[in-house]
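Trainee: Could you take me through one part of this model slowly, residue by residue? I would like to learn how to read a single helix against its surroundings.

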Amino acid sequence: MQHNVYLYILVMAVVTYLVRVLPLTLIRREIKNRTIRSFLFYMPYVTLAVMTFPAILSATGTPVSAVVGLVLAAVLALRGCSLFTVACAACAAVFVAEMILL
């Protein structure tokens, strides 16, 4: 089966263009619906989380150490620690968990 790379690139370009242009052309006035505004406000955060979460679980040697780091990072973040503190503590927790498990 022959795959035409240029066709794939063209389809991808058209889809990307439509996703960016259609909202601008179809929605010309301010959105007043609270539900839709809330949905659009949280969309970037949800997208980032959906892309990051699988990478967190597959970035370490074992899924158990990844969960240990994830749980510690979530707890520290919810307690209001800085990003640097959360990242360093999660890395250290994964390191210790890897040493214990292996």
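Mentor: Happy to. Let's begin with a term we will need: a residue is called exposed when its relative accessible area is over 50%, buried when that area is under 20%, and partly exposed in between. Bear in mind as we go that this is a predicted model.

The part I would pick is helix α4, which runs over residues 83-101. It has 19 residues and spans 27 Å from its first C-alpha to its last, close to the 27 Å expected at 1.5 Å a residue. Now look at which of its residues are hidden: V86, A90, A93, V94, A97 and E98 are buried. These residues sit on the same side of α4, because they cover an arc of only 130° around the axis. Turn to the face pointing away from that buried side, and you meet the exposed residues F84, C91, F95 and M99.

What lies over the buried side? The cover includes α3, residues 63-78. One pair of residues helps you place the two helices: V75 is found in helix α3, and its C-alpha atom is 8.9 Å from that of V86, with the two residues eleven apart along the chain. V86 is among the buried residues of α4, whereas V75 is partly exposed, with a relative accessible area of 43%.

Follow the chain to the loop between α2 (34-58) and α3, and you find T62. Leaving aside neighbours within four places in sequence, T62 is in contact with E98 and L101. E98 is one of the buried residues of α4, and T62 counts as buried too, because its relative accessibility is 19% and the cut-off is under 20%.

For contrast, step away from α4 to the surface elsewhere. A nonpolar patch of about 1,200 Å² is made by a set of residues including L7, Y8, V11, Y17 and I27. V11 has its place in helix α1, residues 5-26, and is partly exposed at 46% relative accessible area.

Charged pairs are worth a look as well. Side chains of opposite charge can pair when their charged atoms come close. A search of the whole structure finds one salt bridge, in which the side chains of R37 and E30 meet at 3.6 Å, N to O. Of these partners, R37 is partly exposed at 43%, while E30 is exposed at 54%.

Methods
Residues numbered from 1 in each chain as written. Predicted model: local features only at pLDDT ≥ 70, side-chain atom pairs only at ≥ 80, totals over all residues. Heavy atoms only, no water. Helix = DSSP H or I, 4+ residues; strand = E, 2+ residues; numbered from the N terminus. Expected span 1.5 Å × (residues − 1). Buried < 20%, exposed > 50% of the residue type's maximum accessible area, 1.4 Å probe, protein only. Arc of directions from axis to C-beta. Contact = heavy atoms within 4.5 Å. Patch = residues over 30% accessible without salt bridge, like charges linked within 9 Å, V, L, I, M, F, W, Y side chains within 5 Å. Areas by Shrake-Rupley, 256 points an atom, 1.4 Å probe, with all protein chains shown as cover. Salt bridge = Lys/Arg side-chain N within 4 Å of Asp/Glu carboxyl O.
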